[in-house]
Amino acid sequence: MTTTTENEPADIAYPSLPQPDVTVVIIGAGFAGMGAGQRLLKRGIGDFLILEKADGVGGTWRHNTYPGIEVDIPSVAYSYAEAPNPDWSHTFAAGAELLSYAEECAVKFKLTNKFRFGTEVVSAEFDKATDLWTVSARDADGDFTLTTRFLISCHGALSTPAEPGIPGLDRFAGTVILSQRWNHSYSLDGRRAAVIGTGATGIQIVPAIADTVDHLTVFQRTPSYVGPKVNIRIPGLIKILLKRVPFLQAIIRMIGVTAIDIAQTFGVIRHRQFPFITTMAGRVIRASMKARVRDPELRAKLIPTYGFACKRPLSSPDYLETFNRSDVELVTDSIAEVVAEGIRTSDGRIRELDVIVLATGFKVFDLPYKVVGIDDVELSEYWRTERMRAYQGASVPGFPNLFLAPGPYGVIGFNWFDTIRLTTGLAVDVVCETILRSATRADVRTSAFEEFAHAATRAADSTVFKSPGCNGSHTYYLDQHGDTPFLRPFSISRSTRMSRQARSAYDYTRRHPDFATRIDV
Ligand code: NAP
């Protein structure tokens with residue numbers, strides 16, 4: 001293929017056509033955006049920009065700084081295979097450490113001159129006359145537009161805070177803190193605090209603030225399975241060994257990733273064939289939860305009655321134990337409304353509060369900007385009417401040269417870095433193929449898109465989420481149609497095989513510079 005130096009536009013392949021300002025725009029400087037940038041550079045494409053709303057890299061680990069934040073899968077598996085980190089302080093690193101790791105990777109991947117921080121993308125529109133995307137954005141200097149041939153959207157699968165829809169929040173006289181945008185200038189010392197939400201975020205915040213606040217009330221709508229978590233400090237000697245023998249770390253990573261894949265494939269994806277796995281795992285976790293909470297009434301409230309793995313299984317060394325304290329209350333009565341002095345539950349009781357922490361989760365695959373494809377079709381609208389789908393979790397017909405990293409059916413469960421590898425890998429493969437063919441447009445064929453969507457929805461029928469045991473779990477893995485777009489329902493090895501030749505599922509065409517016609521290339 002045509003290779004370019006870092007500052008030379010890769011678009012030189014079609015010089016007589018209208019040229020974009022930049023060949024590739026990546027949106028988001030989290031791990032996915034940096035992974036896409038690193039892959040482009042590896043393939044010799046240096047003409048790209050990474051637009052990022054925040055003032056630095058790290059994505060979720062920059063935004064989420066709530067007390068107690070740490071990764072909930074082993075750090076050795078939660079990292080780029082190409083950038084092993086021998087310096088993790090613990091088996092499950094804290095959020096700040098992940099942010100530092102992201103910053104180090106930006107340097108290691110030679111991306112530092114590619115970022116445009118403080119830049120919020122507002123919309124992206126495809127112009128079928130030029131096969132270019134026009135990206136509208138705003139930064140400190142105001143609004144501007146940028147044209148690009150290819151757009152790789154790495155804004156995150158869970159990045160827009162969900163609106164909890166609790167009436168009266170705006171009437172609260174105290175302070176409301178959003179877990180995703182923690183207000184560090186507000187001191188919790190001696191406050192009467194409430195945490196709403198007991199998902200992965202809530203169960204980390206609750207034990208982390210229980211000692212600081214005067215009294216803590218936890219509002220739980222649906223209980224979560226919470227297993228034990230042993231977070232071991234990694235001794236210096238082990239770190240030295242991992243640094244000197246990188247191969248060792250690669251093996252440990254591989255073991256971690258494989259273990260997660262096996263658990264996910266047989267416990268979650270192929271639940272229909274192996275239902276006893278979740279049944280047994282559920283029994284074990286419920287027994288361990290029982291042993292950790294003294295009060296039987298409390299136990300009954302904290303231990304789920306729906307099946308294991310319907311929601312993301314969680315682990316914590318101290319969340320359940322926190323409820324053994326006399327200054328921590330668990331409330332399972334539903335919230336009726338927020339009033340000026342606190343929260344009123346459906347039984348009419350008001351808990352007086354100084355601060356309410358919302359750990360109420362995210363909107364799944366919410367596009368924080370408007371994406372308009374061919375014939376003015378808007379992507380969010382398309383998904384609303386046609387259901388959330390994307391070929392290999394990355395492409396939608398009618399939205400040429402656009403890649404979601406990841407989009408619906410693109411997330412490989414707990415394995416974010418393989419999710420990134422596959423979705424950004426496909427994006428960069430197709431970008432290269434388009435340039436190699438001197439094409440201006442790559443659009444996934446509808447037949448391939450439908451075939452993938454059919455295979456994904458059929459495979460999803462065997463997942464645990466579709467089992468009756470998940471009724472009442474309130475899982476975000478199921479959307480309003482009963483679809484499961486948040487999971488790529490295939491194992492890592494199958495997903496890798498599926499994506500190997502995926503670039504051949506695209507139509508590559510070129511807009512002729514002199515005639516308003518398209519040419520197959
Ligand atoms: P979540 O799992 O969606 O949990 C949101 C919680 O808020 C749920 O308990 C939900 O109750 C509750 N809730 C929402 N609206 C409510 C309302 N109106 N009234 C009462 N309760 C309400 O969100 P999350 O905890 O932020 O976690 C989301 C995902 O982010 C995780 O699954 C994980 O993938 C990722 N995450 C990772 C880490 C990590 O690695 N360290 C940490 C945090 C998050 P219902 O269950 O009834 O809906």
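Let's start at a turn. In the hairpin of β15 and β16, 4 residues sit between the strands, and G348 there takes a positive phi near 90°. Keep in mind that this is a predicted model.

Now look at the strands on either side of that turn. β15 and strand β16, residues 350-352, pair in the antiparallel sense. They do so over 3 bridges. To find the register, use G342, which stands opposite E352 in β16.

Go back one strand. Strand β14 covers residues 335-339, and strand β15 covers residues 342-345. These two also pair in the antiparallel sense, over 4 bridges. How many residues lie between β14 and β15 in their hairpin? There are 2. Here I335 is the residue to click on, as I335 stands opposite T345 in β15. A quick reminder while you look at strands: in a regular strand the side chains alternate between the two faces of the sheet.

Let's zoom out. The protein has 13 helices and 23 strands. Its C-alpha atoms fill a box of roughly 75 × 50 × 45 Å along the principal axes. What radius of gyration would a compact globule of 521 residues have? It would be near 24 Å, and the protein has 24 Å, so the two agree. Of the 521 residues, 54% count as buried.

Next, the ligand. There are 25 residues around it. Which of them come nearest? They are E70, T201, T222, K311 and Y476. By type, the shell divides into 11 nonpolar, 9 polar and 5 charged residues.

Three polar contacts are worth finding on screen. Begin with A200: one of its backbone N or O atoms lies 3.0 Å from an oxygen atom of the ligand. Then take R312, where a polar side-chain atom lies 3.2 Å from a ligand oxygen. Then H474: an N or O atom in its side chain is 3.2 Å from an oxygen atom of the ligand. How much of the ligand is covered by the protein? Taken alone, the ligand exposes 910 Å², and the protein buries 86% of that.

Now some single residues. First T148, placed in strand β6, residues 142-153. Is T148 buried or exposed? Its relative accessible area is 0%, so T148 is buried. Its side chain has partners too. It reaches the backbone nitrogen of V25 at 3.3 Å. It also reaches the backbone oxygen of F150 at 3.0 Å.

On to G46. This glycine lies in the loop between α1, residues 31-42, and β2, residues 48-51. Being in a loop does not settle whether a residue is covered, so check the number: G46 has 2% relative accessibility, under the 20% cut-off, and counts as buried. Compare its position with E378. The two are 332 residues apart in sequence and 30 Å apart in space, C-alpha to C-alpha.

H481 gives us another pair. H481 sits in the loop between α12, residues 446-460, and α13, residues 492-500. Its relative accessibility is 32%, so H481 counts as partly exposed. Its partner for this purpose is R387, 94 residues away along the chain. Their C-alpha atoms are separated by 7.8 Å.

Last topic: backbone angles. Most residues other than glycine have a negative phi, and most peptide bonds are trans. Here are some cases to look at.

D131 is one. Its phi is near 60°, a positive value in a residue other than glycine. D131 lies in the loop between β4, residues 120-127, and β5, residues 132-139. With a relative accessible area of 0%, D131 is buried.

S438 is another. It has a positive phi of about 50°, although it is not a glycine. Where is S438? It is in the loop between α11 and β21, residues 441-444. Its relative accessible area is 24%, so S438 is partly exposed.

And the peptide bond. A405 and P406 are joined by a cis peptide bond, with omega about 0°. P406 is in the loop between β20, residues 402-404, and α11, residues 416-436.

That's the tour. Start your own look at G348, in the hairpin of β15 and β16. Then go to the ligand and find A200, R312 and H474.

Technical notes. Residues numbered from 1 in each chain as written. Predicted model: local features only at pLDDT ≥ 70, side-chain atom pairs only at ≥ 80, totals over all residues. Heavy atoms only, no water. Near = heavy atom within 4 Å. Polar contact = N/O pair within 3.5 Å; in protein donor to acceptor, adjacent residues only side chain to side chain. Areas by Shrake-Rupley, 256 points an atom, 1.4 Å probe, with all protein chains shown as cover. Nonpolar A, V, L, I, M, F, W, Y, C, P; charged D, E, K, R; others polar. Pairing = 2+ DSSP bridges. Rg over C-alpha atoms; globule rule 2.2 N^0.38 Å. Buried < 20%, exposed > 50% of the residue type's maximum accessible area, 1.4 Å probe, protein only.
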